[in-house]
Structure formats: structure tokens, C-alpha cells
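Trainee: I should like to go through the assignments in this model and ask what each of them rests on.
Mentor: Please do; we shall set each value against its criterion.

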Amino acid sequence: MTLTGSDETTSTSQAQVTLKKVPQIDLVPWDPDSPSHVERLTQQRVACGWDVNRVQKWATQQREGYKFIYWIVLSDSPTTSDPQTASSWLTKHLTLYPTESTPLTPSSPSSSPSAPQIFIPLGHISLDTSALDVSRGRLTYDLPSPTAYRVTTFYVSRSVQGSGIGRLAMDRIEGMASDPKGQFKASVLAISTALDDDEFKKKYSIVEWYARRGYKPYKYVERAWNHTDSNGEEWGWTAIFMKKDISSLLSPENSTSLT
Ligand SMILES: CC(C)(COP(=O)(O)OP(=O)(O)OC[C@H]1O[C@@H](n2cnc3c(N)ncnc32)[C@H](O)[C@@H]1OP(=O)(O)O)[C@@H](O)C(=O)NCCC(=O)NCCS
């Protein structure tokens, strides 16, 4: 049996229990009025390769309370269990992206006591309200409920992808979204991504990952995004929309308040 949380190995009468340490992460709000936050998000969108030109639009949406972009940062918590791995993640990130070496500061007090007062983000993730779903044409999520939120604008530094940071970020954003004492109180979370079967299958399937996390497909849009490859051939990606009912997490006994 393997559990995560620490790297102690303990013998019990019933089983050998291995507890693996992992660094902890915090989500720190992106500040649309901070030039350094805006510049860093732009750098990370360039590295991501999608939606580089949307940063100014997102700034407006974040100011107006329709979009909530967070930095994915290493936690400062004294109980952070694996400082060596955390440090190696940061080193890998800065080796690949040396222009991101200037630390940022949060614009407002974070909801998490472990969130650092100075940080170098390893990526970002956003919660978007249903109100932002209008005018998306055939790419609408079709989730009119005000308690349905979308997880979007999700990127982990390419230098450390596959290390478990995405999983930590999803755990955290789902916890925030479903916190009965938090600001969102979401009942449903949705994502959309490119269907990665057939010719678009990569090393691993993001769709299968979301499915493992409990997201269920409910809508497909063919040729949602087009791409012309180096041979001039045009490809069209099918968009898959998936959602997860998190209303059961909203009951007070399941509170995961970060405050
Ligand atoms: C998608 C993304 C955010 C995931 O972040 P990440 O830090 O790489 O994710 P993790 O390392 O936590 O891995 C996520 C899952 O994929 C699996 N995985 C990751 N790399 C893998 C690999 N090379 N082989 C097999 N499985 C792999 C992990 O096991 C994990 O599954 P689990 O939680 O069930 O164990 C990140 O890869 C990214 O930024 N990609 C580019 C932008 C993008 O695609 N955004 C999402 C659009 S919806």
C-alpha cells in the first residue's frame, strides 16, 4: 500500500506503509494591475503557445470579477514536506526560462496562510464564471447555472510537466471552488480540451486524466481549432467538454476552508 504525504516507511502488523513526500503548492491571485504580473503571464502564455494575445482581455475580466487567474506557486508552509524536490523544480524552471527569475509579490493577502510573500510561479490556472461563457458561439459550455464554473487558462512550466504539479493545482482549485465557506460555492466544474485520441494522442492522454479525476464528457465540437503543419496540411482538433458534479463537496461537514 502506498500513501502520499511523507517519505517515512513504517512497518505495521497489517502492511508495509510507504508515505511519499511531495512539495505543497499554493494558488496566489494574479494581479491584472501589476505590470510585472501582466508581463509574467504573457511570458508564460508564450511558453504555453495558446492565447498569447488574450492577456489584456483577461485583465479586464479579472478586474470585473468574471475570471480568477491564480499563480501556481511553491508553498512556504513549514510543513512543506519536500524542500529538495521543490528547489529542484524551481531550478529546472529557471534553467529553461531564465527571464522568469525575478520574483513577484502578491497584490493582496492570500486566503492561504502558507502562501509566500515573494514567489516565482511555476504556472497558472483560472476559474471562470458562467457569465464569461456568452458569445463563445459553438464553443459554449452550455452550463447556464451561476454555480457552474470552468477551469481554464491552465499551464504548468514545460520544464516540470509530468512532476505532479498539475494534479496539485487541480486538487487545490477544486477545493477552493467547492469550499462551502469560500467565495465560489461551485456545484459544477467544467473543462474543455482537445480530444487526444487517434492522431493527436500524445505521451499520455489529458482527457483520460480528467476522466480519472471524475470529469465526464458531455459535448463534442468537431474542428474546433485548426492548425496548419509544416507541410502545409491543415488539421482540425475536436473539442471535448467534460464536467464534474462537486455539489456533494459543498456540505459543511466537507469544508476545506483555506482560511
Ligand atoms: C496539462 C498540464 C497543465 C498538466 O500539468 P502537469 O504538471 O504536467 O500534470 P501532472 O504531472 O500532475 O500529471 C497529470 C496526470 O497525467 C499523468 N502524466 C503526466 N505526464 C505523464 C507521462 N509522461 N506519461 C504518463 N502519464 C503522465 C500523471 O500521472 C497525472 O495523472 P494522475 O494524477 O492520475 O497520476 C500541463 O501538462 C500543461 O501545462 N500542458 C500544456 C497546456 C495544456 O495542455 N493545458 C491544459 C488544457 S485543458
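Trainee: In this predicted model, what makes β6 and β7 a pair?
Mentor: The criterion is at least two bridges between the strands. β6 and β7 have 5 bridges, in the antiparallel sense, so the criterion of at least two is met. Within this pair, D128 stands opposite R150 in β7.

Trainee: How do you know that β7 also pairs with β8, and in which sense do they run?
Mentor: β7 and β8 are joined by 3 bridges and run parallel; pairing requires at least two. A148 stands opposite V188 in β8. With α4, these two strands make a right-handed β-α-β unit.

Trainee: Why is that unit called right-handed?
Mentor: The term applies if, with the strands pointing away from the viewer, the path from the first strand over the helix to the second runs clockwise. The unit of β7, α4 and β8 is assigned as right-handed on that criterion.

Trainee: Where does α4 lie relative to the strands?
Mentor: Helix α4, residues 165-178, lies across β4, β5, β6, β7 and β8, and runs at about 60° to β4.

Trainee: What is the order of the strands in the sheet, and why is one side of β4 and of β9 left without a neighbour?
Mentor: The open sheet has 7 strands in the order β4-β5-β6-β7-β8-β10-β9, and the pairing is mixed. β4 (25-29) and β9 (216-228) stand at the edges with a single partner strand each, so one side of each has no neighbour in the sheet. From one strand to the next, the twist averages 30°.

Trainee: What supports the pairing of β5 with β4 and with β6?
Mentor: β4 and β5 pair in the antiparallel sense over 5 bridges, and β5 and β6 pair in the antiparallel sense over 6 bridges. Each value satisfies the requirement of at least two. Towards β4, the bridge partner of V28 is W71, and L27 stands opposite I72. Towards β6, Y70 stands opposite I125.

Trainee: Why is β5 described as largely enclosed by the rest of the structure?
Mentor: A residue is buried if 20 or more other C-beta atoms lie within 10 Å of its own. In β5, 8 of the 8 residues are buried, so the strand is largely enclosed. K67, I69, W71 and V73 point one way, F68, Y70, I72 and L74 point the other way, and all are buried. In a regular strand the side chains alternate between the two faces of the sheet.

Trainee: How many residues of β7 are buried?
Mentor: In β7, 7 of the 9 residues are buried, so this strand too is largely enclosed by the rest of the structure.

Trainee: Let us turn to α1. How do you know that its length is close to the expected one?
Mentor: The expected span is 1.5 Å times one less than the number of residues. Helix α1, residues 35-48, has 14 residues and reaches 20 Å from its first C-alpha to its last, close to the 20 Å expected.

Trainee: Which residues of α1 are buried, and what puts them on the same side?
Mentor: H37, R40, L41 and Q44 are the buried residues of α1. They cover an arc of only 100° around the axis, which puts them on the same side of α1. P35 and V46, on the other side, are exposed. The cover over the buried residues of α1 includes α2 (55-63), β6 (123-128) and β7 (148-156).

Trainee: Which residues of α2 are buried, and what covers them?
Mentor: The buried residues of α2 are W58, A59, Q61 and Q62, and their cover includes α1 and β5.

Trainee: What is the sign of phi just after each of these two helices?
Mentor: α1 is followed by G49, whose phi is positive, near 95°. Just after α2, G65 takes a positive phi of about 85°.

Trainee: Why is D142 counted as exposed?
Mentor: The limit for an exposed residue is 12 or fewer C-beta neighbours. D142 has 12 inside 10 Å, and therefore counts as exposed. This residue lies in the loop between β6 and β7, and has a positive phi of about 55° although it is not a glycine.

Methods: Residues numbered from 1 in each chain as written. Predicted model: local features only at pLDDT ≥ 70, side-chain atom pairs only at ≥ 80, totals over all residues. Helix = DSSP H or I, 4+ residues; strand = E, 2+ residues; numbered from the N terminus. Arc of directions from axis to C-beta. Contact = placed C-beta atoms within 7 Å. Axes fitted to C-alpha atoms, helices over the stretch in contact; angles between N-to-C directions.
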